[in-house]
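Got your viewer open? Load the model below and keep the selection box handy, and we'll walk through it stop by stop.

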Amino acid sequence: MSQKFDVVVIGAGPGGYVAAIKAAQLGLKTACIEKYQDKEGKLALGGTCLNVGCIPSKALLDSSWKFYEAKNGFAVHGISTSELKMDIAAMIGRKAQIVKGLTGGVASLFKANGVTSLQGHGKLLAGKKVELTGVDGTVEIIEADHVILASGSRPIDIPPAPVDQKTIVDSTGALEFPAVPERLCVIGAGVIGLELGSVWARLGSKVTVLEALEKFLPAADEAVAKEAHKTFAKQGLDIKLGARVTGSKVNGDEVVVTYTDKDGEQNITFDRVIVAVGRRPVTTDLLASDSGVDIDERGFIFVNDQCETSVPGVYAIGDVVRGLMLAHKASEEGIMVVERIKGHKTQLNYDLVPSVIYTHPEIAWVGKTEQTLKAEGVEVNVGSFPFAASGRAMAANDTGGFVKVIADAKTDRVLGVHVIGPGAAELVQQGAIGMEFGTSAEDIGMMVFSHPTLSEALHEAALAVNGGAIHIQNKKKR
Ligand code: FAD
Ligand code: AMP
């Protein structure tokens with residue numbers, strides 16, 4: 001007899017594993033299918049995020065930042081170091097331990113919450129049945145009242161730079177370089193390219209970023225993108241815009257990358273190349289031909305705002321559906337779907353999904369950019385506060401960047417918070433909390449902020465919206 005569950009989730013990334021835990025918490029008999037195996041051949045839960053994404057990249061960003069700071073930022077505090085060394089194997093080993101701890105943690109959470117963890121490949125058949133092919137090839141049919149597809153995404157390959165995971169790597173290979181490459185090319189100046197490029201640049205690589213678009217960080221507020229470009233250039237990241245990679249040739253331990261820009265065809269020789277040109281949804285062998293689930297023109301599973309697919313009772317969440325490819329977006333979609341299965345009216349607020357780039361300076365935002373609001377014809381007031389005027393940032397010797405608060409000129413409602421600088425991700429989250437409750441710039445201005453904190457920069461930027469900042473000269477008169 002086949003197993004039957006209230007909910008079957010395919011994929012145990014931050015979308016799928018969170019949905020499965022929530023479903024079990026709400027009393028639903030739940031199974032989660034995952035096929036990913038670690039280097040030891042063991043089932044590893046947590047998806048891209050825990051295994052080869054958010055967490056390992058942040059582990060390397062933190063290690064490399066400590067090294068960079070020790071080398072370049074300690075002297076100002078009166079600290080001198082001699083013979084600073086970086087043990088790459090130890091850094092990669094630390095990262096692996098963090099990944100192991102967290103993926104193992106998901107397995108423990110499944111046990112603690114009563115989620116049945118099934119290892120293998122899941123495929124949706126017609127009639128909400130799921131075919132599970134185990135690692136040994138055995139096939140089992142599982143029945144479900146509700147199926148949640150959470151199969152995630154994988155790196156996009158481009159024919160001009162085929163990944164061999166040695167000389168030309170994708171984001172996964174870039175987390176495992178055995179040594180610091182002397183000359184490193186990053187194709188694509190998106191979030192992943194900038195973060196991984198930063199890791200190796202801090203450790204000593206000469207990094208060149210080749211980006212096809214003319215505009216740097218087009219999704220960010222223009223003022224933030226401009227500041228970021230300037231600062232990254234100062235750090236030694238050579239970011240070439242309008243540079244489209246058209247070919248590459250591996251010669252032993254080197255690779256010649258060809259790109260075209262406004263001056264024609266160019267060639268540069270590198271030791272390693274990271275291809276970071278985006279990610280695409282994973283739907284390979286996920287849907288039987290008669291499953292009834294529609295795919296949109298870009299290859300994503302088609303869903304509405306409630307993550308319902310074209311088949312009643314079948315949902316899809318996370319990177320495999322439209323929207324930002326972010327772990328927190330995936331998780332919250334999972335929660336929304338499960339709560340709706342239980343009859344709640346939960347609706348994720350897609351307008352307030354924060355974005356973060358974990359470079360230094362850190363970049364984060366929530367809500368709309370000034371250029372988008374202007375294009376939409378919304379009149380706005382803008383308040384900015386530079387970290388150069390923040391006592392806390394000065395004490396930390398980390399004064400680059402600013403906080404920018406954008407509010408509706410008529411209602412004063414905050415429509416966007418954009419931060420480049422120390423603690424950006426955490427500051428933007430404060431803005432997001434306020435915005436979820438419809439805060440005005442005046443509301444934030446009237447609150448008491450601890451002194452000295454980086455958060456005071458958010459306070460002052462909100463005050464500046466209406467010309468009331470204390471620690472800078474206001475652009476706008478009251
Ligand atoms: P995934 O995490 O991709 O998980 C899908 C899972 O489904 C995988 O484990 C896969 O093996 C499994 N699967 C697929 N098909 C099947 C099948 N048929 N049967 C069984 N199992 C299947 N996001 C952030 O929010 N913050 C960050 O800082 C951040 N940093 C990143 C850094 C890097 C280098 C990368 C690559 C990504 C980063 N992301 C970050 C993006 C984030 O990892 C993804 O948005 C997130 O993992 C998506 O979650 P998901 O559950 O939709 O899919
Ligand atoms: P993201 O999707 O945010 O991860 O960013 C990927 C970036 O890669 C985008 O900004 C693309 O413009 C860029 N890109 C895609 N193909 C190429 C290419 N052949 N050469 C250079 N940049 C590219």
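**First stop: two crossing helices**

The crossing of helices H3 and H4 is right-handed (that is, the near helix is turned clockwise from the far one by less than a right angle; anticlockwise would make it left-handed). Before going on, a bit of housekeeping: this is a predicted model, where local features need pLDDT of at least 70, side-chain atom pairs count only at pLDDT 80 or more, and totals for chains, interfaces and linings use all residues. Residues are numbered from 1 along each chain as its sequence is written, chains are lettered from A and ligands numbered from 1 in the order in which they are written, and side-chain values use heavy atoms, with hydrogens and water left out.

Select 54-72 for H3 and 88-113 for H4: their axes come within 9 Å and cross at roughly 145°. The axes are lines fitted to C-alpha atoms over the stretch in contact, and angles run from 0 to 180 degrees between N-to-C directions. Helices here are DSSP runs of H or I with at least four residues, strands are runs of E with at least two, and both are numbered from the N terminus.

Now show side chains. From H3, pick Ile55, Pro56, Ala59, Leu60, Asp62 and Ser63; they meet Met91, Ile92, Arg94, Lys95, Ile98, Val99 and Leu102 of H4, where contact means heavy atoms within 4.5 Å. Colour that patch by class and you get nine nonpolar, one polar and three charged residues. In this scheme Ala, Val, Leu, Ile, Met, Phe, Trp, Tyr, Cys and Pro are nonpolar, Asp, Glu, Lys and Arg are charged, and the others, Gly among them, are polar.

**Ligand 2**

Next, select ligand 2. Which residues come nearest to it? Of the 14 around it, the answer is Gly188, Glu211, Ala212, Ala243 and Val245, counting a residue as near if one of its heavy atoms lies within 4 Å.

Three distances are worth drawing:

- Glu211: a polar side-chain atom lies 2.6 Å from an oxygen atom of the ligand 2 molecule.
- Ala212: a polar backbone atom is 3.1 Å from a nitrogen atom of ligand 2.
- Val245: a backbone N or O atom sits 2.9 Å from a nitrogen atom of ligand 2.

**Around S19 and H8**

Jump to Val366 in strand S19. With 0% relative accessibility, Val366 counts as buried (buried means under 20% relative accessible area, exposed over 50%, and partly exposed in between, using a 1.4 Å probe and protein chains only). Leaving aside neighbours within four places in sequence, its contacts include Leu352, Val353, Pro354, Leu415, Val417, Val428 and Met435.

Step along to Thr369, in the loop between S19 and helix H8 (370-375). Thr369 is buried too, at 4% relative accessibility. Its side chain makes a polar contact with the side chain of Thr372 at 2.6 Å; such a contact is a pair of N or O atoms within 3.5 Å, and within protein one must be able to donate a hydrogen and the other to accept it, with residues adjacent in sequence counting only if both atoms are side-chain atoms. Beyond four places in sequence, Thr369 touches Ala219, Ala220, Asp221, Ile406 and His418.

Glu370 is in H8. Buried or exposed? Glu370 is buried, with a relative accessible area of 18%. Outside its four-place sequence neighbourhood, Glu370 touches Asp221, Val380, Val382, Lys404 and Ile406.

**Backbone oddities**

Switch to a backbone view. Two cis peptide bonds to click on:

- His360 to Pro361, with omega about 5°; Pro361 is in the loop between strand S18 (355-357) and strand S19 (363-367).
- His451 to Pro452, with omega about -5°; Pro452 lies in the loop between H11 and H12.

Then look for positive phi in residues other than glycine. Cys307 has phi near 65°, in the loop between strand S16 (279-281) and strand S17 (314-316), and is buried at 0% relative accessibility. Asn397 has a positive phi of about 55°, in the loop between helix H9 (391-395) and S21; with a relative accessible area of 43%, Asn397 is partly exposed.

**Last stop: H12**

Finish by selecting 455-465. All 11 of the 11 residues of H12 are buried, so this helix is largely enclosed by the rest of the structure. What do they pack against? Show strands S20 (380-386), S21 (402-408) and S22 (414-420), plus helices H10 (424-436) and H11 (441-446). Just after H12, Gly467 takes a positive phi of about 75°.
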